[in-house]
Structure formats: structure tokens, C-alpha cells
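Me: I am new to this structure and would like to understand the terms used for its charged residues. Please go through them with me.

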Amino acid sequence: MQNLNSSLNAEKSSTFDSTSGFIVGQRVHFAGDHRRIGTVKYVGPVEGYSGTWIGVDWDNADGKHDGSINGIRYFEAESEKSGSFVRPQNLSFGVSLLDGLELRYRGSSTKEEEEEMYVLSASNRRVSIELVGKEKLEDKLSRFEELTVASLSYLGVSYLGPTCQIRSVMPNLKELDLTGNLLSDWKDIGNICEELPTLRALNLTNNKMASVMTGLPLLKNIRILVLNNTGIQWAEVEILKLSLPMIEELHLMCNKISAITPKYTSAVQGFSSLKLLNMEDNCISDWVEIVKLFLLESLEQLHLNKNSLTRICYPDEDMLCDLLSNCESTEKSIKPFNNLRCLLLGGNKIEDLASVDSLNSFPKLTDVRLSENPIVDPGRGCIPRFVLIARLAKVEILNGSEVSARERKDSEIRYVRSLLSKLHHNPEEIKHQHPRFAELKVYHKIEDERSSMGVSGPQKMGTGLLSITLKCVGASIGEKPPLTKKLPTTTTVGKLKNLCESFFKLKGIKQKMYFHEERSPLPMLLEDEMASLMDLGIGNDSVILIDEES
């Protein structure tokens with residue numbers, strides 16, 4: 001493939017065209033479509049076509065090529081189909097912040113927008129909607145001096161505008177949403193914050209920010225900063241924190257962050273007021289990277305959903321010594337993550353129980369999310385909710401659902417009883433793999449349900465009966481009323497299938513059984529035909545679903 005420089009002379013390959021006004025690196029949107037945003041990668045002629053063209057790399061990858069056309073490369077696009085060439089008149093380099101404000105709050109609704117406001121009647125005819133109090137609301141929003149919250153998302157805002165006007169126009173603004181605009185220069189962000197002295201929360205989601213952060217002023221009033229999908233990396237966060245002495249919430253979702261890299265030390269320092277750090281949907285795979293945050297003493301919430309973490313552990317003394325070796329003015333006796341109460345780990349790759357048990361070591365952790373990890377995957381013999389609750393001593397919210405005192409008690413008793421039948425086979429293994437078993441057995445005063453082993457095997461099994469409701473859900477089984485039966489705790493899954501064949505007349509149907517657990521999003525597949533109801537922790541008044549093999 002030819003390179004542009006070898007086929008076109010230097011004059012033609014200029015990165016700035018005085019007639020078009022566009023420069024390489026500039027953020028633009030397609031004329032008439034504020035949501036189709038990209039970065040200018042080339043300005044100049046294209047061989048075989050007349051006039052000036054703008055090479056754009058589109059954020060949503062809805063282009064036509066990778067920056068090359070007819071064998072000549074003009075620029076490097078992010079993907080094979082994210083680049084395209086556009087005439088200057090079909091692009092916009094945006095509007096000022098004040099212009100965006102006028103568009104959003106003083107601009108009248110277009111005919112097309114009003115036509116879209118309708119509901120369908122019973123006869124499938126469109127009935128127009130009239131907003132009650134619309135004029136009153138529009139009048140209030142148009143008085144900018146009264147605005148405390150402003151949303152200017154996807155309006156093509158690319159610069160501040162006349163600095164002398166901003167402060168007087170919006171003197172009381174506290175929250176500003178600039179999602180999906182054309183901002184990229186941190187100086188503009190600094191100027192916006194300086195001109196809005198009452199501003200507390202700023203959302204810059206989907207603005208591709210520059211990696212250079214020179215000249216950023218002290219933003220002492222900002223408490224919440226949202227930088228989701230801005231391309232920021234931790235090296236820039238380290239610079240940014242010097243300008244954010246009072247920051248309480250920092251959102252860094254969707255930035256492809258794979259490592260936390262403090263500038264001068266092994267562990268992250270500063271952020272003395274930071275309570276919430278959101279790093280969801282990034283690329284962190286090593287828990288050691290997260291441990292580098294252990295000195296953030298105010299940190300209460302850490303959101304790590306949708307990363308690639310495979311394990312969790314509470315930092316031990318050796319790990320802490322390594323991280324503290326080059327940190328200034330830190331006490332060696334500090335408790336890691338001392339105030340962390342919420343840890344969201346959904347959608348990672350965690351598959352070991354040791355990681356789950358390690359959560360007990362976090363001093364104040366009460367809110368945990370583990371959904372969408374292999375360890376709770378129903379298709380991989382998942383750990384059911386009652387086991388997680390029993391193993392996690394302090395958790396009050398699990399996977400977004402409150403753990404009541406009743407549910408905790410029931411879960412812990414059920415957990416202990418599910419292990420009793422295995423206790424005599426290998427007590428040391430039970431002690432090692434289930435660290436809370438002995439503690440819970442004593443706490444709930446649960447006696448062994450199996451006496452000593454005789455020559456011919458178990459002499460006495462648990463004699464209790466369980467009330468179990470059996471429901472058929474298979475499509476070809478047909479509608480059958482549910483049955484509630486009293487079954488011994490020693491009934492195995494295989495024996496239960498035989499009973500159901502008789503109860504529901506299922507001869508010739510290969511059954512699949514599921515335990516439907518209250519509060520659990522999916523029923524648990526009962527695969528082991530030798531496992532008893534007691535082994536599985538199935539308690540009184542439980543529901544078992546009978547399906548068919550597909």
C-alpha cells in the first residue's frame with residue numbers, strides 16, 4: 001500500500017486547510033447529527049477526487065474504511081470500518097457552552113419532535129400528547145440565573161465561549177452534564193469550572209479528552225467528576241488528583257484501564273476525601289492493581305464490575321510492606337481498606353471459594369456483588385445464594401438484594417446441614433474448605449444428624465421429613481397440578497426422579513430437576529443423582545421444578 005507522502009507532495013498533505021477551518025486532532029460531529037462524533041485525522045486532497053476532504057475516525061466505528069482508499073493510506077483509523085472522508089460542509093466543529101445552553105433551554109421544539117410525542121390508542125391510532133405545564137416549565141428553565149442543574153448532552157459543545165458572560169449567566173449552577181460533546185482540551189474544562197464557582201458535579205462522559213493536562217487550575221469545589229469513556233488512563237488521574245483536593249466521587253468507566261500506576265510510589269496516595277471510585281468496564285485482571293488503592297482511607301465504595309479479575313485477596317503483611325516501602329508519612333500499622341463498605345465485582349472471572357472467603361477480612365464490608373462470575377454461574381455448578389450468605393459473615397446486601405436477619409439465619413442453618421452428611425468422610429477437608437462451618441454449627445446449636453459409622457455403613461441417618469413442592473414445567477409434560485410431599489432428608493436426586501415418574505406418569509421422559517430458591521435469579525440445576533436433599537441444603541417448604549431434557 002502506498003503511503004500518502006510518497007504519492008502526494010507536502011503542500012497537499014497539510015494538516016490544516018484555511019478554507020475548511022479544520023485541523024488534525026479536532027473533535028467534530030456530522031452536520032445535523034450531534035451523536036455521530038469523531039476525530040479529524042486528515043485534512044487535504046484525496047487522489048482521484050476534487051477539492052478538500054476531511055478524514056474522520058468515527059467513535060462508533062460507522063465509517064467505510066481504515067483510513068486508506070484506493071491503495072493509498074491517508075491516516076490510521078481505530079478499526080477497519082471507523083474511518084471515512086467527508087466534505088467540510090458536512091461537518092461541524094461545534095458550538096460554545098452558552099450556545100448549547102440557548103439551544104437546550106430556549107430553543108423551541110421542532111415540528112418533527114412534537115410529532116414524535118404520541119401514544120397509540122386501542123384502535124392503533126396516534127394520539128398526540130400535550131405536556132401539562134410545559135410553558136411554565138420552559139419559562140423556568142429559560143431563566144438561566146435560577147438553574148442549579150443543566151444537561152447539555154450531545155449538543156456539540158466544543159469550547160467555553162466568552163468567559164466574561166458565563167459566571168453572570170449561570171451564577172447558581174451546581175451540576176453540569178456535558179455528556180457526548182466535542183470537548184477535549186483540559187484547559188477548557190478548567191476554565192468552565194473556574195467560571196462556575198458553585199459547580200459541584202461535572203459529567204464529561206463520551207468526550208475524548210487529551211492526555212496532556214498542562215495548566216489545569218485548582219478545582220477546589222468539584223465533588224463529583226464523571227470521566228466515563230474519555231480515554232483517560234491512571235497516569236492522567238495522578239495528575240488530575242492534584243487539582244481535585246475535595247473530590248468525593250470519581251467515575252472512570254469504559255476507559256480500557258488495565259493498571260493503576262502511581263507516579264512516585266507503589267501505592268496510590270492523596271484523594272483524602274474520595275468516597276466512591278467507579279472503575280467498571282475496564283481491563284484490570286490482576287488484583288494486585290486494586291490493592292494499590294488500600295491507602296485511600298475515606299474510600300467507602302469501589303465499583304469493579306465487568307473487569308477481568310480472577311481472584312480476590314485481602315492484602316497480607318508482606319504485600320503491604322512492599323507497597324509501603326517508598327510511601328511517605330504512612331503508618332505501618334494502617335488497616336487496608338478500613339472504611340470500604342461496598343465492593344462490586346459482578347461480571348469478572350472469579351471462580352474460587354477462597355476469593356469469596358477473603359471478603360470477610362475487609363473490616364466494614366457489608367455490600368457485595370458477585371453476580372455473573374463463574375463461581376455463581378448456574379451452568380457451571382454454581383454456588384447458590386444461601387451458601388454465599390453463610391460464608392460471608394457481615395454481608396447485608398448481596399447482588400443488590402438485602403439479606404434479612406431471617407434469610408441469614410435460614411441460610412446459615414441450611415448451609416451447616418448440607419455439610420453434615422460429608423463431615424464423617426473427611427472432617428479436615430470440611431474444616432479447610434468451609435472455615436465458618438464449625439462456628440455456625442455451634443452458634444445455631446445444630447447437632448450431628450448422623451451417628452457413628454458401623455461395620456456395615458451408617459447406622460442411623462437423619463430421620464426428619466421435609467415438605468417439598470414438586471412442579472412440572474416441561475413443555476411436553478403438559479399441565480399437571482403441583483404436588484406437595486413429605487420426603488426424608490436422605491432422598492437422593494435419583495430417587496426423587498423415580499418418584500416423580502410415578503407421581504406425574506412421566507415414563508419415557510428424561511427429567512431435569514431444578515431447585516427454585518427464593519431471591520435467587522435462576523433455579524439451581526440438580527445434576528448429581530447421588531446427592532441427597534440434605535447434601536444439597538434443601539430445606540422445608542422448598543420448591544423443586546421438573547423439566548425435560550432438550
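Me: What makes the contact of Lys497 and Glu529 a salt bridge?

Reply: In this predicted model, where local features need pLDDT of at least 70, side-chain atom pairs count only at pLDDT 80 or more, and totals for chains, interfaces and linings use all residues, the side chains of Lys497 and Glu529 meet with N and O 3.0 Å apart. A salt bridge is a side-chain nitrogen of Lys or Arg within 4 Å of a carboxyl oxygen of Asp or Glu, so the pair qualifies. Residues are numbered from 1 along each chain as its sequence is written, and side-chain values use heavy atoms, with hydrogens and water left out.

Me: Why is Lys497 called buried?

Reply: Its relative accessible area is 13%, and buried means under 20% (exposed is over 50%, partly exposed in between, with a 1.4 Å probe and protein chains only), so Lys497 counts as buried. Glu529, with a relative accessible area of 39%, is therefore partly exposed.

Me: How do you know that Asp62 and Arg36 form a salt bridge?

Reply: The closest N and O atoms of Asp62 and Arg36 are 3.0 Å apart, which lies within the cut-off, so the pair counts as a salt bridge. Asp62 is partly exposed because its relative accessible area is 33%, whereas Arg36, at 18% relative accessibility, counts as buried.

Me: What separates Glu412 and Arg408 in helix α12?

Reply: They are 4 residues apart in helix α12 (residues 405-423), which means a separation of about one helical turn. Their side chains meet in a salt bridge (2.9 Å, N to O), and both Glu412 and Arg408 are buried.

Notes. Helices (H or I, at least four residues) and strands (E, at least two) are DSSP runs, numbered from the N terminus.
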